[in-house]
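Dear colleague,

I am handing over the structure below, and I would be grateful if you could look through it alongside the notes that follow.

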Amino acid sequence: MLYSKLTELYTQLSSTTKRLEKIEILSKFFKKLDEKESYILYLLEGNIYPSYDERKIGISNQLAIKSISKATGTNQKKIQELWRKMGDLGEVSKKLTETKTQRTLASHTLTTIKVLENLRKLPELIGKGTIDKKISLITELLTSASPEEALYLVRTLLGDLRIGVQESTIKYSLLKAFFNDDKEKEPSIQRAIDKTNDLAKVFEISKKSDIKKLDSLELEVGKPIKAMLAQKTISIKQAFKDLGKPLAAEYKYDGFRLLIHKKGDKITLFTRRLENVTKQFPEVERYIQNNLKGKSFILDSEAVGYDKKTKKYTDFQAISQRIRRKHNIKKLEESLPVEINIFDILYYNGKSLLDKPFKERTKLLRKIIKKEPFKIAPSKMIITSSEKEIEKFYKEALKNNQEGIMLKNLDAEYKPGRRVGHMLKLKPNKKDFDLVITGAEWGTGKRKGWLSSFTLSCKKGNKFLEIGKSSTGLKEKKEEGLSYEELTDLLKPHIEEQNERAVKISPKIVVAVTYQDIQKSSNYESGLALRFPRFVALREDKPISEITTLEELEEEFIDQKKENYKYN
Ligand code: AMP
């Protein structure tokens, strides 16, 4: 297919904000799309592989600028300037290509497969000369691109297509194109997406309107699936109302999520961002081999840190570096040990358990684990109809340095990637929020060369709204924890714009932040401001889509007002 045909679709899709119109446009496109070109479904989501695959394009703004500069013969400073004015490097690239084509009228014959091939080479490059090789792969595409193609190529490179297509838009378009929009068939498509994490595959089967085949798709061990997420509850009483009696209460561990896959001897560990972190946790591989029965399985768990001497559990912050660090693993294993607390099982010995009720899954789970304190254990759980018992359990969890409790409906299925109403979290107010950094200032004096005074934003729909500024909690030295230097290194590739000392940063890096209280504020677009925000940790395990929403902050603001009323 010509790439211009795909960019035409992008343009059509971005010309409307109405979901139903988008579905109409996409379903027509899907009807005509050949099965052999199913990879287009990846490009529609701005990806080059299925979402279970770790290989992402991963191009920084700076590299995109260099490539545009080379392709259009414009100097980088001019591109920066245009970017500041237009706010979108894709638009900049389009504009510069327009003037270029007027000059040379270069003919172009970009195909989708050529685009995909070049993009797929990007994450494979390592070692010396990588940057130059990347630039030439991108430039090759940009020089044969029309203005419209240049726009979407650059947006694809930067992971921000801006066509307003989500997974659910694709799902409903498939339903309309191949199943007569029969709403009863929607769960089959959803489950197929959940189990495979591969939209091209689901498209190919949907194209044949083969509902049986969709239903028979299975989870595959070794391919990560998206974790199920919890909603918040305000009280135990409310949880009973929502979940019925009895219910399961478990510790809500203050660590990070690990999805554990085992097939024969091969064990793979994934974070909730679907990143493979097996190499970082050799001890977990050992625990799984030694303490769990079964030929193949997928488990959902939380890794929690503890202090070897005091045997007290630590918070997430203390062990967060274990996810990132890829060297000196043995030393880290010693100094920052983790205990694996398993709370769900999604697959066992060749069969998916997603549709089985939670009580069956948890029973099986507890049967196959040999518990070994400070190594591996099933999550601490009680099943009860008594509010009092849960109250006691909640207090005990907090005393044990955990975040709170999870309350679970015993009959519920496991729904990958969904924030479900049958699993509720209860934790004390005012702990922390996961926010994204959208701005900063270059430091002066002893912080010269480092970014500081970071602007923190929450999420509302697809928008990011500022809610505070902070540097507090960051360390001067790398060895002491999350430092200015480390954060600067992480943020630098995402700088969008610079105005003297102030920089605008693409929303990519998520941090956990505590604060004293929330105030109404007209200084920020969000309408709220955090008072005394303080950095707690990097949340590299959290995707941007899961950061704190404005709604959650508003709820917390109301809760805080109620609390104050109680104590005043
Ligand atoms: P939150 O990050 O506040 O939305 O809470 C959801 C997270 O709690 C999950 O992603 C897990 O990493 C974590 N968690 C800790 N303990 C449990 C548990 N017993 N059951 C489910 N999730 C848990």
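**Contacts around the ligand**

In this predicted model, a backbone N or O atom of Y251 lies 2.9 Å from a nitrogen atom of the ligand. Two side chains make polar contacts with the ligand as well: a polar side-chain atom of R272 is placed 2.8 Å from an oxygen atom of the ligand, and a polar side-chain atom of K425 is placed 2.4 Å from an oxygen atom of the ligand. Of the 500 Å² of accessible area that the ligand has on its own, the protein covers 95%.

The elements that contribute two or more residues to the shell around the ligand are β2 (247-252), β10 (404-408) and β11 (419-426), and the largest share, three residues, comes from β2. In total, 14 residues surround the ligand, the closest being E250, R257, R272, E302 and K425. As for the character of this shell, its residues divide into 10 charged, four nonpolar and no polar ones, under a classification in which Asp, Glu, Lys and Arg count as charged.

**A helix pair**

I also looked at helix α8 (residues 130-143) and helix α9 (residues 147-157), which pack with their axes 9 Å apart and at an angle of about 155°. Since angles over 145 degrees count as roughly antiparallel, α8 and α9 are therefore roughly antiparallel to each other. The crossing of α8 and α9 is right-handed.

With best wishes

Methods:
Residues are numbered from 1 along each chain as its sequence is written. This is a predicted model: local features need pLDDT of at least 70, side-chain atom pairs count only at pLDDT 80 or more; totals for chains, interfaces and linings use all residues. Side-chain values use heavy atoms; hydrogens and water are left out. A residue is near a molecule or strand if one of its heavy atoms lies within 4 Å of it. A polar contact is a pair of N or O atoms within 3.5 Å; within protein, one must be able to donate a hydrogen and the other to accept it, and residues adjacent in sequence count only if both atoms are side-chain atoms. Accessible areas come from the Shrake-Rupley method with a 1.4 Å probe; for residues, only the protein chains shown count as cover. Helices (H or I, at least four residues) and strands (E, at least two) are DSSP runs, numbered from the N terminus. Axes are lines fitted to C-alpha atoms, for helices over the stretch in contact, and angles run from 0 to 180 degrees between N-to-C directions. Angles under 35 degrees count as roughly parallel, over 145 as roughly antiparallel, 65 to 115 as roughly perpendicular and the rest as oblique. A crossing is left-handed if the near helix is turned anticlockwise from the far one by less than a right angle, and right-handed if clockwise.
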